[in-house]
Amino acid sequence: MKILKFIVRESNGELIDVNGTSLIGEISATYAELVKKFGQPDRGDGYKTDAEWTIKFEDGTIATIYNWKNGKNYCGSDGLNVTKITNWHVGGHSQKALTNIKKHLDMS
């Protein structure tokens with residue numbers, strides 16, 4: 001399978017612009033698997049998310065991977081530690097974002 005190239009930050013060090021992205025699907029993966037494939041996540045929003053990866057593939061597709069309302073930020077002591085989360089949301093502008101994420105994680 002062809003390796004999909006991607007970046008997690010623009011060449012100037014800025015975060016990738018994810019404005020206009022929205023939920024397009026979900027994946028099951030461990031936190032460790034995501035870190036191995038995409039590096040360390042950015043912090044979540046401090047409220048509904050605990051971790052978020054922003055990814056721009058070489059074809060221009062932008063994707064986000066994030067937990068949603070199941071971690072400590074949202075649920076307090078009842079929430080999952082981020083390293084125990086296995087259900088992740090994928091955001092993007094199109095289904096291509098989910099397709100690229102799954103290909104990169106060998107899920108397709």
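## A quick tour of the chain

Let's start with a helix: α3, which covers residues 95-104, has A97, L98, N100, I101 and H104 as its buried residues. Those residues sit on the same side of α3, because they span an arc of only 165° around the axis. Keep in mind that you're looking at a predicted model. Here's the rest of the picture, topic by topic.

**The overall layout**
- The chain contains 3 helices and 6 strands.
- Reading from the N terminus, you meet them in the order β-β-α-β-β-β-α-β-α.
- A compact globule of 108 residues would have a radius of gyration near 13 Å, and the chain agrees with that, at 13 Å.
- Measuring along the principal axes, you could fit the C-alpha atoms in a box of roughly 40 × 30 × 20 Å.
- If you take the contacts with a separation of 6 or more, 62% of them join residues 24 or more positions apart.

**Inside and outside**
- Out of the 108 residues, 37% count as buried.
- About 6,300 Å² of the chain is exposed, and 48% of that comes from carbon and sulfur atoms.
- As for charge, there are 14 positive and 13 negative ones, and their mean positions lie 5 Å apart.

**Helices and what follows them**
- Helix α1 takes up residues 31-38, and its buried residues are Y31, L34, V35 and F38.
- These four share one side of α1, since their arc around the axis is only 100°.
- Why can residues a few places apart end up facing the same way? An α-helix has 3.6 residues a turn, so residues three or four places apart point the same way.
- Look at the other side of α1 and you'll find A32 and K36, which are exposed.
- G39 comes just after α1 and has a positive phi of about 85°.
- After α3 comes D106, and its phi is positive too, near 55°.

**Two buried residues to find**
- H89 belongs to strand β6, residues 87-92.
- With a relative accessibility of 10%, H89 falls under the 20% cut-off, so it counts as buried.
- Beyond its neighbours within four places in sequence, H89 touches L23, G25, E26, T64, I65, Y66 and W68.
- H89 and S28 are 61 residues apart along the chain, yet 8.9 Å separates their C-alpha atoms.
- N70 sits in a loop, between β5 (62-66) and α2 (72-75).
- N70 has 18% relative accessibility, which is under 20%, so this loop residue is buried as well.
- Setting aside neighbours within four places in sequence, the contacts of N70 are C75, G79, L80, I85 and N87.

Conventions. Residues are numbered from 1 along each chain as its sequence is written. This is a predicted model: local features need pLDDT of at least 70, side-chain atom pairs count only at pLDDT 80 or more; totals for chains, interfaces and linings use all residues. Side-chain values use heavy atoms; hydrogens and water are left out. Helices (H or I, at least four residues) and strands (E, at least two) are DSSP runs, numbered from the N terminus. Buried means under 20% relative accessible area, exposed over 50%, partly exposed in between (1.4 Å probe, protein chains only). Contact means heavy atoms within 4.5 Å. The arc is that of the directions from the helix axis to the C-beta atoms. The radius of gyration is taken over C-alpha atoms; the globule rule is 2.2 Å times the number of residues to the power 0.38. Accessible areas come from the Shrake-Rupley method with a 1.4 Å probe; for residues, only the protein chains shown count as cover. Lys and Arg count as positive and Asp and Glu as negative; His and the chain ends are not counted. The place of a charge is taken as NZ of Lys, CZ of Arg, CG of Asp or CD of Glu.
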